[in-house]
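Colleague: I would like a close look at one part of this model, the place where the two protein chains meet, and then at how that part relates to the rest. Please take it step by step.

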Number of protein chains: 2
Amino acid sequence: MHTKEKILMEGMELFATLGYNGTSMTKIADRVGLQKSSLYAHYSSKEELFMDVTTKIAADYVYFVKSTFENDGQTTEEKLYLSFQAHVKDMANHDSSIEFYNRFSSYPPKGFESRTLELLRDSEEQARKAFKEEIKKAQKAGDITDEVSLEDAARAFYGLLDGLSYETSYYDMDIIENHGESMWKVFWRGVKA
Amino acid sequence: MHTKEKILMEGMELFATLGYNGTSMTKIADRVGLQKSSLYAHYSSKEELFMDVTTKIAADYVYFVKSTFENDGQTTEEKLYLSFQAHVKDMANHDSSIEFYNRFSSYPPKGFESRTLELLRDSEEQARKAFKEEIKKAQKAGDITDEVSLEDAARAFYGLLDGLSYETSYYDMDIIENHGESMWKVFWRGVKA
DNA sequence: GTCTATAGTCGGATAGAC
DNA sequence: GTCTATCCGACTATAGAC
């Protein structure tokens, strides 16, 4: 079963950087050190392999988001900020699972868009729920103003992350970190009590 | 010369919605009402056609951004908001030239990434310059606080648009408009004097 | 400029020996 | 499970008649 895991990993990285059409079974096989026909002993088709990767990525993302809240922040502002920072750091490092997530959330492979999006959007929804809860706490604690509704604050926070996601694909580490810093400053001034 | 323009337009829409690999010369020819071999009387290759589309898109984008500032806003806040709104409206309508711009800024076709990005990023830079000038004016006029640096305010504004760009590819019109509204509220509270 | 026909390549997937 | 060999389809691009 070790081979199958390796196929999954190499497939994930290639899909993330080259896209679905750009990744051929031959390229995956080369990386694993097999002939492409041997891949079919583990996966019945390229689509099935892709869906298996997607399933893993979706699960990992929810786990990642939840883990970003298990930090040492004292106030809710700090907790939110540290979670945000964890995202910035991962994106700035061009973590390939994040790249996979961003790429196929926006551009799922033609032919099985719905199967792909179902998995990714479900995990996205869970992640947003986690964010919203944290913001709700901050609002109750009086750290976030009542002038801005919970819904508005939450959407603005997602927007922050989506902006970073977009920039990830075409900026380098230091620029992303600078932008993250600036966006956070304005965001926090916009929601703080 | 009418045929060549039609090829350009149909190519743009197909590239925008199906991507580079997803768009075959046959599909373009079908839309124009030709055999694919006839396309080669106008463009020597698929790549050359793509680059011609990209050149047009890059020029149009700068023009679009500048035109969003020629609005009826009285205060600089209103001017900035109306420009932002114009972006939201175009994105919410899934304008195909905007989709082309977003898609290939993030995922340029493999093999000639640099040629593509050179054109797109140059226009991006011009657009950002235009935004920055407008924000500078607002800061001088006292509409935007001095607590936030010009650089931070400008980056946060780009971030707003980048967030919307990201969401464009997977939300519908009404959701994008709602998110735009929320993001603007928080942004403005974050920068206003 | 547009057509038909075709060359040449590369992709996913299967058959069958080991 | 992995290999070699092969099929089949889709694609870009060219040749040559009209």
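Colleague: To begin with one pair, with which residue does A:Lys185 form a salt bridge, and how far apart are the closest N and O atoms?

Modeller: Bear in mind throughout that this is a predicted model. A:Lys185 pairs with B:Asp152, and the closest N and O atoms of that salt bridge are 2.9 Å apart. The rule finds four salt bridges across the interface of chain B and chain A, while the structure holds 24 over all chains. Polar contacts add to the picture, with a count of 26 residue pairs between chain B and chain A, both residues of each pair being at pLDDT 80 or more.

On the side of chain B that touches chain A, the elements that give two or more residues are helix H1 (2-22), helix H6 (96-106), helix H7 (113-140), helix H8 (150-168) and helix H9 (173-191) of chain B. Of these, H8(B) provides the largest share, with 11 residues. Sorted by class, the residues on that side of chain B come to 13 nonpolar, 15 polar and 13 charged.

As for its extent, the contact draws 41 residues from chain B and 41 residues from chain A. Together the two chains bury about 3,800 Å², and 52% of that area is on carbon and sulfur atoms. In chain B, the residues that lose the most area to chain A are B:Tyr107, B:Tyr166 and B:Arg189, which together account for 21% of what that side buries.

To set this interface in context, it helps to look at the fold of one partner. Chain A has nine helices and zero strands, and its C-alpha atoms fill a box of roughly 60 × 30 × 30 Å, taken along the principal axes. An unreviewed UniProt entry places the feature "domain: HTH tetR-type" at residues 1-61 of chain A; over those residues the chain is 80% helix and 0% strand, with the end C-alpha atoms 24 Å apart. One salt bridge in chain A joins the side chains of A:Arg31 and A:Glu13, at 3.5 Å from N to O. Because A:Arg31 lies in helix H2 (residues 25-32) of chain A and A:Glu13 in helix H1 (residues 2-22) of chain A, the pair ties together parts that are 18 residues apart in sequence.

UniProt, again in an unreviewed entry, lists residues 24-43 of chain A for "DNA-binding region". That span is 60% helix and 0% strand, and its end C-alpha atoms lie 14 Å apart.

The model also holds DNA, and both protein chains contribute to the surroundings of DNA strand C: of the 15 residues around this strand, those that come nearest are A:Met25, A:Lys36, B:Gln35, B:Ser38 and B:His42. For two of them the approach to the backbone can be given in detail, since an N or O atom in the side chain of B:His42 is 2.7 Å from a phosphate oxygen of DNA strand C, and an N or O atom in the side chain of B:Ser38 is 2.8 Å from a phosphate oxygen of that strand. From chain A, a polar side-chain atom of A:Tyr40 lies 3.0 Å from a phosphate oxygen of DNA strand C. Among the atoms of DNA strand C within 4 Å of the protein, 52% belong to sugar or phosphate and the rest to bases. Helix H3 (36-39) of chain A and helix H3 (36-39) of chain B each supply at least two residues of this surface, whose residues divide into four nonpolar, nine polar and two charged.

DNA strand D is likewise surrounded by 15 residues, the closest being A:Gln35, A:Ser37, A:Ser38, A:His42 and B:Lys36. An N or O atom in the side chain of B:Lys36 is 3.1 Å from a base oxygen of DNA strand D, whereas B:Met25 places a polar backbone atom 2.9 Å from a phosphate oxygen of the strand. The side chain of B:Tyr40 has an N or O atom 3.1 Å from a phosphate oxygen of DNA strand D. The elements giving two or more residues to the surface near this strand are H3 of chain A together with H3 of chain B. By class, that surface has four nonpolar, nine polar and two charged residues, and of the atoms of DNA strand D within 4 Å of the protein, 56% belong to sugar or phosphate and the rest to bases.

Technical notes:
Residues are numbered from 1 along each chain as its sequence is written. Chains are lettered from A and ligands numbered from 1 in the order in which they are written. This is a predicted model: local features need pLDDT of at least 70, side-chain atom pairs count only at pLDDT 80 or more; totals for chains, interfaces and linings use all residues. Side-chain values use heavy atoms; hydrogens and water are left out. Contact means heavy atoms within 4.5 Å. Buried area is the accessible area (1.4 Å probe) that two parts lose on being put together, summed over both. A polar contact is a pair of N or O atoms within 3.5 Å; within protein, one must be able to donate a hydrogen and the other to accept it, and residues adjacent in sequence count only if both atoms are side-chain atoms. Helices (H or I, at least four residues) and strands (E, at least two) are DSSP runs, numbered from the N terminus. Ala, Val, Leu, Ile, Met, Phe, Trp, Tyr, Cys and Pro count as nonpolar, Asp, Glu, Lys and Arg as charged, and the others, Gly among them, as polar. UniProt positions are given in the numbering used here, feature names are shortened, and annotations may be inferred rather than shown by experiment. A residue is near a molecule or strand if one of its heavy atoms lies within 4 Å of it.
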